[in-house]
Every structure is written in C-alpha cells, then in structure tokens.
Amino acid sequence: PRGERESGGRFFGGGWRVLRAPARTRQIPTLPPPPASRLRDNAGRLPSAARPPSVTAPLQAQAPDFSAAEFRAALGMFATGVTIITTRAADGRLVGFTASSFNSVSLAPPLVLWSLARSAGSMPDLRAGSHYAVNILAASQKALAERFATRGVDRWEGVDWSPGVAGAPVLEGCVASFECFNRSRYEEGDHVIFVGEVERCRHRTGIAPLLYHGGRFYTEHPL
C-alpha cells in the first residue's frame, strides 16, 4: 500500500526510496594533558614549554650589610658547650686552648669538628699532630676554661690529666672527652675547620655541663 513504511523506506509514486537518517556528530571528550613525567625525552629532559623558568644564581655572595661586631654579637646568641682542645707537640710540649666551636658530624664513622683561627699560635702543632682530644667541660671547670683562654700564663700548672691516644692529654673531671685522629682540615675564611675521627670517647652522667652564651658562662637549668 502507498505510504506504508517498510524496511526503512517509503513508497512514492515512482517506486521505493530509502530514507537515510541524518548523520549524527559524535562528541569526543577532551583529555587532560599527560603529566610532565611522560613528556621527558630519553635523556630525562622536559621539552622547553614544560620546563620551569630558570633562575640565575649569583656567582658570589654579596657584601655583608653588618659590621664584624654585629656579627660577633649575633653569633653570641647561640648557646654552646665549652671545650678544651688538647694535643702533644712533636717536641713533647702540652698544647691546649678553650674552644666553643665544636659540633658532631657523623655517627658512622664517628666524626666531630671544631675550628681554629689561622693566626693561632697552636696552629702548627695542630696541623702536624696525628691526634688530639676534645674535652667537654663541667660547670665546676669554669676557672679552667678561663685559664686556657688566657695568654702568657702556665695553662697546665696543677691540671690533672692522663695521656690518651698518641699522648694527647685527656683532662680529668670533664663531662665527656673524645680522642680523635686528625682526619682532615678545611681552610675557610680566617679559620681552619678540623674534622676528627673519634677513636675513644667517654662521658659522665649526672654532671652539669659548662655553657657559654652572650659572653658569659652558665650551666643547665631544666625547663
């Protein structure tokens, strides 16, 4: 019959015609860009468009905007323990001086460091010696710290000590001591940084340490 649909077509006077449905447009979802890690080439470099902007570092530090006195005062705000570094010179002399520039470096191997001014009279003995001792002072040893920081006096008069590794003196009454091999030295500014490899150490519990802060001596006070 006329006008009857069949098989998707329609009969017109001249015969059957197939009516085609209009083409449908398929919406393709927009995918996010791949992460930067997938954009790297075989050398692990990002394309220029994906690289962060480069920052040019200065070739050297700018001149300080403070005086040497201001710098010293600021450093004095850092509370430290007090040590006496001791060694035995090649000619048998006992060498020792007070120092607060002491710190730990490594547990394996056991390393510590401290520094000494290049102009120090004991520098030749410390450079040449194979060993030295770092003696951490107790609060009761304030007078000893002052004596070993004073020039022109016999620093060793009446001091109790025992010979350590390679003869380096180990002071009695300290809260701790580290007997060190003179492992390495680094020259920086007007000081030399000494790194020592600890061969022996000992400590005493329950003994208050001597502290230094702002140009004065203190001892611990639990908070």
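Glutamine 141 is found in the loop between strand 9 and helix 3, the helix that covers residues 142-147. The model in which this loop residue appears is a predicted one. The points below take up glutamine 141, then histidine 131, which is found in strand 9, and then the cysteines.

**Glutamine 141 in the loop**
- Glutamine 141 is buried, because its relative accessible area is 9%, and buried means under 20%.
- A polar atom of the glutamine 141 side chain lies 2.8 Å from the backbone nitrogen of alanine 138.
- When residues up to four places away in sequence are not counted, glutamine 141 touches Ile136, Glu172, Gly173, Cys174 and Leu210.
- Cysteine 174, which is one of the residues that glutamine 141 touches, is itself buried, with a relative accessible area of 6%.

**Histidine 131 in strand 9**
- Strand 9 spans residues 131-136 and includes histidine 131, a residue that is buried with a relative accessible area of 14%.
- The side chains of histidine 131 and serine 130 make a polar contact at 2.8 Å.
- Leaving aside neighbours within four places in sequence, histidine 131 is in contact with several residues, among them Thr87, Val165, Cys180, Phe181 and Glu199.

**Cysteines and disulfides**
- The count of disulfides comes to zero, given that the two cysteine sulfur atoms of a disulfide must be within 2.5 Å.
- Cysteine 180 is in no disulfide, and the nearest cysteine sulfur, which belongs to cysteine 201, is 9.2 Å away.
- Cysteine 180, which is in contact with histidine 131, is buried, with a relative accessible area of 0%.

Definitions and conventions. Residues are numbered from 1 along each chain as its sequence is written. This is a predicted model: local features need pLDDT of at least 70, side-chain atom pairs count only at pLDDT 80 or more; totals for chains, interfaces and linings use all residues. Side-chain values use heavy atoms; hydrogens and water are left out. Helices (H or I, at least four residues) and strands (E, at least two) are DSSP runs, numbered from the N terminus. Buried means under 20% relative accessible area, exposed over 50%, partly exposed in between (1.4 Å probe, protein chains only). A polar contact is a pair of N or O atoms within 3.5 Å; within protein, one must be able to donate a hydrogen and the other to accept it, and residues adjacent in sequence count only if both atoms are side-chain atoms. Contact means heavy atoms within 4.5 Å.
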